[in-house]
Amino acid sequence: MKSLLLILSLLPLTSLFGQYLIDISPNEAEQSETLDVTITGTNTSFDQATNTAIRFYFTASTTTATIPNSYFIQSSETIHANLTVPAGTASGWYDYSVENEIDGYLLRPTSFKVDSTASITSFNTNKNYKVYPNPFKNAITIDVSSDKSETATLNLIDITGKVFESRKVSLKNGQNTFEINNPNLDSGIYFVQLTYSNGKGYSTKILKH
């Protein structure tokens with residue numbers, strides 16, 4: 001018994017109780033939004049680690065991760081990070097992780113919420129962006145006028161924020177035309193959304209017969 005107590009006394013507390021991620025605040029954002037978050041752990045050694053990796057998994061694949069723009073380790077159990085939610089991220093709850101050589105790989109699942117429908121309503125529509133026909137049956141045509149050459153993301157999403165199509169498009173100076181053709185869509189309301197690299201763009205509500 002004395003030998004066991006001696007061994008236990010020599011172990012670090014984290015070995016006895018385990019390290020966990022317990023909170024992130026704020027825990028909700030819109031797509032394309034940039035915000036400061038505070039990540040909290042318990043029994044962690046954030047300030048003693050020399051190689052910290054923070055990842056947010058805004059896709060179904062754990063091999064594709066969003067890395068914070070910057071972060072600051074305040075204490076052994078607190079990290080402050082500046083995060084940008086990728087454009088086109090669907091509404092839902094997502095995982096995040098913290099990894100270092102002392103604590104190992106710590107994952108907190110379904111703890112950060114993205115509300116993509118809020119971002120949709122903040123987009124502008126004008127004469128430089130037209131989506132037709134509306135209502136549509138299968139194919140949708142998108143006309144957009146640009147005053148410079150740049151890249152953008154074209155998304156087709158439903159009212160819950162679920163993404164049915166997402167692709168990068170190249171805009172040239174002048175008139176641009178793109179097409180989305182998805183005959184397998186259910187009848188209902190959708191949004192065709194064009195997002196520029198600066199997070200701004202256009203969104204139009206359309207009806208599928």
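**Entry 1: the Phe pair**

I started with Phe 56 and Phe 58 in this predicted model, and I found both of them buried. I then looked at how their rings sit: Phe 56 and Phe 58 form a stacked aromatic pair, with 5.9 Å centre to centre and 10 degrees between the planes. The planes count as stacked because the cut-off for that class is under 30 degrees.

Next I asked myself what angle the planes of Phe 58 and Tyr 94 make. They stand at 70 degrees with the ring centres 5.4 Å apart, so I noted this pair as edge-to-face. It links distant parts of the chain, as Phe 58 belongs to the loop between strand S4 (53-57) and strand S5 (70-75), while Tyr 94 lies in strand S7, 36 residues apart. Phe 58 is buried, and Tyr 94 is buried too.

I followed the ring pairs further and came to a cluster made of Phe 56, Phe 58, Tyr 94, Tyr 96 and Phe 112. My count of aromatic pairs came to six.

**Entry 2: S7, S8 and S2**

Tyr 94 had taken me to S7, so I looked up its neighbour. Strand S7 (residues 92-100) runs antiparallel to S8, and eight bridges join the two. I wrote down one bridge here: Gly 92 has Val 114 in S8 as its partner. How many residues does the hairpin use to join S7 to S8? The hairpin connects them through three residues.

I then checked where else strand S8 (residues 104-115) pairs, and found three bridges to S2, with the two strands parallel. In that pairing, Glu 30 stands opposite Asp 115 in S8.

**Entry 3: Gln 31 and Ile 157**

From Glu 30 I moved on to Gln 31, which is placed in the loop between strand S2 (28-30) and strand S3 (34-42). Is Gln 31 buried or exposed? Gln 31 has a relative accessible area of 4%, so I noted it as buried. I also checked what its side chain reaches: the backbone nitrogen of Gly 88, at 3.0 Å.

Gly 88 came up again when I turned to Ile 157. The C-alpha atoms of Ile 157 and Gly 88 are separated by 8.7 Å, though the two residues are 69 residues apart along the chain. Ile 157 belongs to strand S11 (residues 150-158), and Ile 157 is buried, with a relative accessible area of 2%.

**Entry 4: the sheet of four strands**

I turned to S3 and traced its sheet, an open one of four strands in the order S1-S3-S6-S5 with antiparallel pairing. Its edge strands are strand S1 (20-25) and S5, each of which pairs on one side only. The twist here averages 25 degrees from one strand to the next.

I looked more closely at S1 and S3, which pair in the antiparallel sense over five bridges. Ile 24 stands opposite Ile 39 in S3.

**Entry 5: the sheet of three strands**

My last stop was an open sheet of three strands, with the order S9-S10-S13 and antiparallel pairing. Which strands form its edges? They are strand S9 (129-132) and strand S13 (174-181), each pairing on one side only. For this sheet I noted an average twist of 15 degrees from one strand to the next.

Strand S10 (residues 139-146) pairs with S13 in the antiparallel sense over eight bridges. I closed the page with Ser 145, which stands opposite Gln 175 in S13.

Methods:
Residues are numbered from 1 along each chain as its sequence is written. This is a predicted model: local features need pLDDT of at least 70, side-chain atom pairs count only at pLDDT 80 or more; totals for chains, interfaces and linings use all residues. Side-chain values use heavy atoms; hydrogens and water are left out. Two strands pair if DSSP finds at least two bridges between them. Axes are lines fitted to C-alpha atoms, for helices over the stretch in contact, and angles run from 0 to 180 degrees between N-to-C directions. Buried means under 20% relative accessible area, exposed over 50%, partly exposed in between (1.4 Å probe, protein chains only). A polar contact is a pair of N or O atoms within 3.5 Å; within protein, one must be able to donate a hydrogen and the other to accept it, and residues adjacent in sequence count only if both atoms are side-chain atoms. Rings of Phe, Tyr and Trp (its six-membered ring) pair if their centres lie within 6.5 Å; planes under 30 degrees apart count as stacked, over 60 as edge-to-face and the rest as tilted.
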